[in-house]
Amino acid sequence: MSLLTVKDLQVYFPVRGGFFNRKLDEIQAVRDVSFSINQGETFGLVGESGSGKSTTGRAILGLEPQTGGTISYQGHDVTKVAKRQHQDFRRDVQMIFQDSFSSLNPQKRIASIISEPLRNFENLSKNDLKLRVLQLLDIVGLSPDALYKYPHQFSGGQQQRIGIARAVATHPKLIIADEPVSALDLSVQAQVLNFMKKIQAEFGISYLFISHDLGVIRHMCDRIAIMTRGEIVEIGTRSDIYQHPIHIYTKQLLEAIPQTDVDHREQHREARLAMNQKYHQDKHQYYDQQGRAFPLVQVSETHWVSLPPNEALRHKILQREEH
Amino acid sequence: MKKTQAPLLVTKHLKTSFKINDHYYQALDDVNLTVNPDEFLAIVGESGCGKSTFANTIMGLLDEHDSKVSGSAVFEGQELTKLTETGYDEIRGLKLSMIFQDPLSALNPLKRIANQIDEVMAYHTDLSKTERYQRVLKLLAEVGIHDPKRTARQFPHQLSGGMRQRVMIAMAVACKPDLIIADEPTTALDVTIQAQILDLLRRVQQENHTSIILITHDLGVVAETADRVAVMYAGQIVESGSVQQIFKEPQHPYTRSLLRSIPQIDNATDDLYVIQGNVPSLQKMPAAGDRFAPRIPWIPASAHEDLPVMHDLGDGHQVRCTCYRQFYFKEDQRA
């Protein structure tokens, strides 16, 4: 059974203006997004800026109001906020933010920041609380003297680790990580990613890993969903997406990743330009009249792609894939 | 490739210090760099390594009151470190120009795109107003903007991030400068847009025979675009060479460690390589010794030089300190 199932999630933002600040239009940030996350897996959500990936993550936690669709957690419907208390949803689902510094209260010491979720959900004595915080600091590799420091006294990587310590404090089952390493340098990024994998192995946590960095996603995720303009166009395992991409948008995105292979730079550039041309030529086949993606179609056990309902066209696209 | 010509920019022992609480701290130390005409050079390093300080030093953008520059930087026979503000006015935009990371804050929000690009040409050339406007439209078309007339009338906030960066590039190439410094030009952009902007930079460099110094932290970007690479760590260049030398035969422990910590296909499930410790802060920069030594403690102290200098390995490949000869990864030894 899956841990979290999101079905037809919609998040529309109203555009207000005019007389009495009426709703004039709406921006459809997330349109009918469905996916599920299994116990202990890392599910990646990839897309370019403005694709709605962060909004999806935030809507699951209730940080953005959702317009439609259902979210169920461990088989229980938690779409309505009132039901979340009951299902321990707030304790079990935590978040790591991109900008760790602005997500930590600058006026509070680390001890109080990390212990806040514990104080909310568990009834611990002062001493036990301190012990737990020390344990958490140890897990993320910070020394005990960090307890009485303030967030600004730490480097970016350390701040992100404090954010992780706070997120794992209540032994969550799912962590939503919104671009957790995109503000970090390469060597610090490696450190944080290793930590995230380590605590996953230790506590059996699932991640919803939101990122625009396809290299990081490949490293971290078991299953991946590609999002563009508020819709998912392809879902599959790591090898489905990276070795056998089918949707033209996925292909184009993968081709654009800079490679460190200096010997085949020209070939790579040509392949990218060719793909770009193909993208502009063929992209209309992959979207309907209104420019929306088609519903997802299952092409293998694990692989779902948005494909046109027209059988002939669909066949043509799949054929092309086999070459 | 052209025949050997006089280099465009030569820096020798360039040092930049910043004043913090009445104390000067060196952000840039002993930078020796040569940029040849028609060359694409990348400077790569992590945040705080001094790569942007280098750009600001060359462009003369530092505040004289709280910074100090020593050593020399000769650009087309002109000593930049001694140049006055009026001297800089004559070359900035004409011979030397810069592209910034964040085009929104680099562009004037109150001026239309056409007027902003026009400004450089009005200052440096004798073209008439209509000639300049024609050139603005031509430049915008060259940088891949589909409707130049429309964009020329617009304000920066009406453009997307990629479009703004194109406008910045149009502005930078307006007077066909000899050297463009691009400071993290694609960091704020999506991968598909990033690829387009890098292609554009590469094209501009080849068509106008401009040299480009690309400053970035992204090794993938470097591998895709640069001819030559300089790797910086803690204010110093630790290794420089051709893009092949740096990516295929990296020598300095820092370069080798960085390349190892990139998430790649072949290490998809393993842990990533982590460099121990942290980059030293400006105030705590060691005065002598190899600055990378504390991060590779398993290498004996005798392997390092007391005052590390650049060693020539031939074919333009240079590396700082002698420790590269004895360096190995701790993990490899165990295995």
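Buried here means under 20% relative accessible area. All views show a predicted model.

**View 1. Helix 1 of chain A is mostly covered.** The helix spans residues 53-61. Of its nine residues, seven are buried. Lys53(A), Thr55(A), Thr56(A) and Gly57(A) belong to the buried set. So do Ala59(A), Ile60(A) and Leu61(A). Just past the helix comes Gly62(A), with a positive phi of about 85°.

**View 2. Asp30(B) has a positive phi within a strand.** Its phi is near 55°, and the residue is not a glycine. Asp30(B) sits in strand 2 of chain B, residues 23-35. Is Asp30(B) buried or exposed? The relative accessible area of Asp30(B) is 17%. The cut-off for buried is under 20%, so Asp30(B) counts as buried.

**View 3. Glu76(B) has a positive phi in a loop.** Here phi is near 45°, again in a residue other than glycine. The loop runs between strand 4 (67-75) and strand 5 (78-79) of chain B. Glu76(B) has 36% relative accessibility. That value lies between the 20% and 50% limits, so Glu76(B) is partly exposed.

**View 4. The largest nonpolar core has 68 residues.** Which members touch the most others? They are Ile117(B), Leu140(B), Ile169(B) and Phe247(B). Helix 7 of chain B, residues 161-173, gives the most to this core, with seven residues. Two domains of chain B take part: domain 1 (9-95 + 177-334) and domain 2 (109-175) each supply at least three residues.

**View 5. Ile169(B) and its contacts.** Neighbours within four places in sequence are left aside. Ile169(B) then contacts Ile99(B), Val143(B) and Ile197(B). Leu200(B), Leu201(B) and Val204(B) are also in contact with Ile169(B). Apart from the core of Ile169(B) lies another, of 64 residues. Among the members of that other core are Leu129(A), Leu137(A), Ile205(A) and Met220(A).

**View 6. Thr151(B) is buried in helix 6 of chain B.** The helix covers residues 148-153. How much relative accessible area does Thr151(B) have? The value is 3%, under the 20% cut-off, so Thr151(B) is buried. Beyond its neighbours within four places in sequence, Thr151(B) contacts Ile113(B), Leu140(B) and Ile145(B). Leu159(B) and Met163(B) are in contact with Thr151(B) as well. Of these partners, Leu140(B) is also one of the residues that touch the most other members of the 68-residue core.

**View 7. Chain B meets chain A.** Chain B puts 38 residues into the contact, and chain A puts in 31. Together the chains bury about 3,100 Å². Carbon and sulfur atoms account for 50% of that area.

**View 8. Polar links cross the interface of chain B and chain A.** How many salt bridges join chain B and chain A? The count is four. One salt bridge pairs Asp199(B) with Arg269(A). The closest N and O atoms of this pair are 3.2 Å apart. Polar contacts across the interface involve 13 residue pairs, both partners at pLDDT 80 or more. On the side of chain B that touches chain A, the elements giving two or more residues are helix 8 (191-208), helix 9 (219-225) and helix 10 (243-248). Helix 9 of chain B gives the most to this side, with seven residues.

Key
Residues are numbered from 1 along each chain as its sequence is written. Chains are lettered from A and ligands numbered from 1 in the order in which they are written. This is a predicted model: local features need pLDDT of at least 70, side-chain atom pairs count only at pLDDT 80 or more; totals for chains, interfaces and linings use all residues. Side-chain values use heavy atoms; hydrogens and water are left out. Buried means under 20% relative accessible area, exposed over 50%, partly exposed in between (1.4 Å probe, protein chains only). Helices (H or I, at least four residues) and strands (E, at least two) are DSSP runs, numbered from the N terminus. A nonpolar core is a set of buried Ala, Val, Leu, Ile, Met, Phe, Trp, Tyr and Cys residues joined through side-chain atoms within 4.5 Å. Domain bounds come from an automatic or database domain assignment. Contact means heavy atoms within 4.5 Å. Buried area is the accessible area (1.4 Å probe) that two parts lose on being put together, summed over both. A salt bridge is a side-chain nitrogen of Lys or Arg within 4 Å of a carboxyl oxygen of Asp or Glu. A polar contact is a pair of N or O atoms within 3.5 Å; within protein, one must be able to donate a hydrogen and the other to accept it, and residues adjacent in sequence count only if both atoms are side-chain atoms.
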